[in-house]
Amino acid sequence: MSKTEQTSAVDSLPVPPQNPLPFRQQLKAIRQFHTGCEVLRDACGPVTRLKLGPKWLMPRIVVATSPQAGHDILGVSDAITERTQMHAEMRSLIGANLFDVPHDEWLPRRRILQPLFTKKHVRDFGGHMAEAADTIVESWGSAGEVDLDTECRHLTLRALGRSVLGLDLDQQADRIAEPLKVMLKYVSDRTASPVRLPDWFPAPSRLRAKAASARLRGLAAEVLRECRDDPNRDAPLVRALIAATDPETGKGLTDEEIRDELIVFMGAGHDTTATTLAYALWQLGLHPDMQERVRAEAAAVGDRELTPDDIANLGYTVQVLHEGLRLCPPGPASARLVMQDIEVDGYRVEAGTMAVFGIYAVQRDPALWEDAATFEPDRFRPEVARSIGRWQYLPFGAGPRTCVGDHFAMLELALALATIVRRTEIRSSAAEFPMEVPFTMVAGAPILARVAARPGYTTENATGSAARPVSADNTVSP
Ligand code: HEM
């Protein structure tokens, strides 16, 4: 079909139906990126239009929750479905990075960074995760009850520091976790707000966000400087960024670009990985039979630290993670700004619309999944998983802007889950895993579980600190 024929075919399509829910319910739903998309779908169908304000104040919003819509929104060139206001807000605060730059700047950046995150390359970054998980488990000692969410945040920060940045972050969670939280909340609040003060206005929230961003930039710049000064410093990701070049032009990244990418890797990789691990541990703490399968698989590797080479033998552990990511995808929705009229699952979505694709909604849709709400890792057995549609399971997104860190995250997660379960028996005390979406989806309350060292594993040689106390506001207490 020629471009003109395509355009007239799109022109002849109907616009998506207006969502019938009252204004307040629509507003509430769009602010709850996870369950909100389900609410909107249940009221109107898989592609629905919202009107939350006049055009000059807010872009039109279309929320879509069918696999075909995922293909039509995320699968096309990101020159057609571009970055949104949220990405612009992030860029104005922390600078240009792979996540927030628009198409023209993104293409060469992705060419440079993609090769760093191949399955083969991430083995250089992911290897320290098992050691970090061992240390965390040792720190539990006879703790009895822990908050899985706090512990997993601590663990991912420790692994990130040790294996990626060459930093000991054990006593310094505040240097990354706190400023990230302040900054991402500001970006999220500002994006959701129909009325925004100009950037130059010294609103207290902006000043706090700018201070947080300055702290992160300072930390990233310090890591980079120290790596350049000390060639023996073990910081594989920073070294890889320094060495990376565009295969087409041979150009590398400037120090400012490396600094800003490091910040987004910390932001994109910390909460997401921690929440996935906490959710998987919580589910295993409710399902002793599944926990035993993970334990047996990890124990069969032998009584030594797990390495990236062992992943091939941790098939069920990986299935548990996939099923966890299905029910609890830390990126529950992806938004794009539509640059030209496009077809989305049989409807015409007009240029200027913000198209939101509900990943959480599609991954839990009872029309697509048998017993959709049930945690069942065996649905990801290789012979069964083949029949899962590409656009109905996409916890790492899909299309050109798919997650660059997916192999890295899965490697770290599998090593961490197998290491913890091999050494510790977990019984979840929390009956629910409440979720909220301050930016990515995280646990909305402490996830309490009783932990006990398994016979044969002792905590006598513990090198870690005591387990962190459970905090009411769910933050990391170093
Ligand atoms: C369980 C862990 C993770 C999940 C569930 C996850 C999920 C996602 C999703 C859904 C997207 C696409 C967003 C969109 O469509 O707008 C994305 C993009 C991205 N992720 Fe991840 N992510 C994870 C871990 C990581 C890690 C460990 C890193 C880096 C070290 C990372 C870096 C990025 C970056 C840079 C992008 C933007 C890619 C681009 O636009 O080219 N993520 N992630």
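This section describes two sheets, the helices around them, the iron site and one buried acidic residue in a predicted model.

The five-stranded sheet is open and has the strand order E1-E2-E8-E5-E3, with mixed pairing. Its edges are formed by E1 and strand E3 (81-82), each of which pairs on one side only. Helix H4 (residues 67-74) packs on this sheet and touches E2, E3, strand E5 (333-338) and E8. The direction of H4 makes about 135° with that of E8.

Within this sheet, strand E2 (residues 61-64) is paired with E1 and with E8. Strand E1 (residues 47-50) runs antiparallel to E2, and four bridges join the pair. Val47 of E1 has Ala64 of E2 as its bridge partner, and Arg49 is bridged to Val62 in E2. Towards strand E8 (residues 354-358), E2 also forms four bridges, but here the pairing is parallel. In this pair, Ile61 has Met354 of E8 as its bridge partner. The side chains of E2 alternate in direction: Ile61 and Val63 point one way, whereas Val62 and Ala64 point the other way. All four of these residues are buried.

The three-stranded sheet is likewise open, with the order E4-E12-E9 and antiparallel pairing. Strand E4 (145-147) and E9 are the edge strands, each pairing on one side only. From one strand to the next, the twist averages 40°. Strand E9 (residues 424-428) and strand E12 (residues 448-453) are antiparallel and share five bridges. Thr424 stands opposite Ala453 in E12, and the bridge partner of Glu425 in the same strand is Ala452. The two faces of E9 differ in their cover: Thr424, Ile426 and Ser428 form the covered face, while Glu425 and Arg427 form the uncovered one.

Helix H18 (406-423) lies across E9 and E12, running at about 95° to E9. H18 also packs against helix H14 (residues 288-299). The axes of H14 and H18 come within 8 Å and cross at roughly 100°. The two helices are therefore roughly perpendicular to each other. On the H14 side, the contact is made by Gln291, Val294, Arg295, Ala298 and Ala299; H18 contributes Ala418, Val421 and Arg422. By class, five of the contact residues are nonpolar, one is polar and two are charged.

H14 has a further contact with helix H15 (residues 315-327), where the axes come within 8 Å and cross at roughly 140°. This crossing makes H14 oblique to H15, because an angle has to be over 145 degrees to count as roughly antiparallel. Met290, Arg293, Val294 and Glu297 of H14 make this contact with Gly315, Tyr316, Thr317 and Val320 of H15. The residues of the contact divide into four nonpolar, two polar and two charged. Val294 of H14 takes part both in the contact with H15 and in that with H18.

The iron atom of the ligand has a single donor from the protein, the SG atom of Cys403, at 2.3 Å. Cys403 is placed in the loop between helix H17 (382-385) and H18. The loop that carries the iron donor thus leads into H18, the helix that lies across E9 and E12 and makes contact with H14.

A separate helix, H13 (residues 255-286), contains Asp260. With a relative accessibility of 7%, Asp260 counts as buried, because the limit for that class is under 20%. Beyond its neighbours within four places in sequence, Asp260 is in contact with Ile94, Gly95, Ala96, Asn97 and Arg217.

Conventions: Residues are numbered from 1 along each chain as its sequence is written. This is a predicted model: local features need pLDDT of at least 70, side-chain atom pairs count only at pLDDT 80 or more; totals for chains, interfaces and linings use all residues. Side-chain values use heavy atoms; hydrogens and water are left out. Axes are lines fitted to C-alpha atoms, for helices over the stretch in contact, and angles run from 0 to 180 degrees between N-to-C directions. Angles under 35 degrees count as roughly parallel, over 145 as roughly antiparallel, 65 to 115 as roughly perpendicular and the rest as oblique. Contact means heavy atoms within 4.5 Å. Ala, Val, Leu, Ile, Met, Phe, Trp, Tyr, Cys and Pro count as nonpolar, Asp, Glu, Lys and Arg as charged, and the others, Gly among them, as polar. Donors are N, O and S atoms within 2.8 Å of the metal (3.2 Å for Na, K and Ca); water is not among the atoms, so sites may look incomplete. Buried means under 20% relative accessible area, exposed over 50%, partly exposed in between (1.4 Å probe, protein chains only). Two strands pair if DSSP finds at least two bridges between them.
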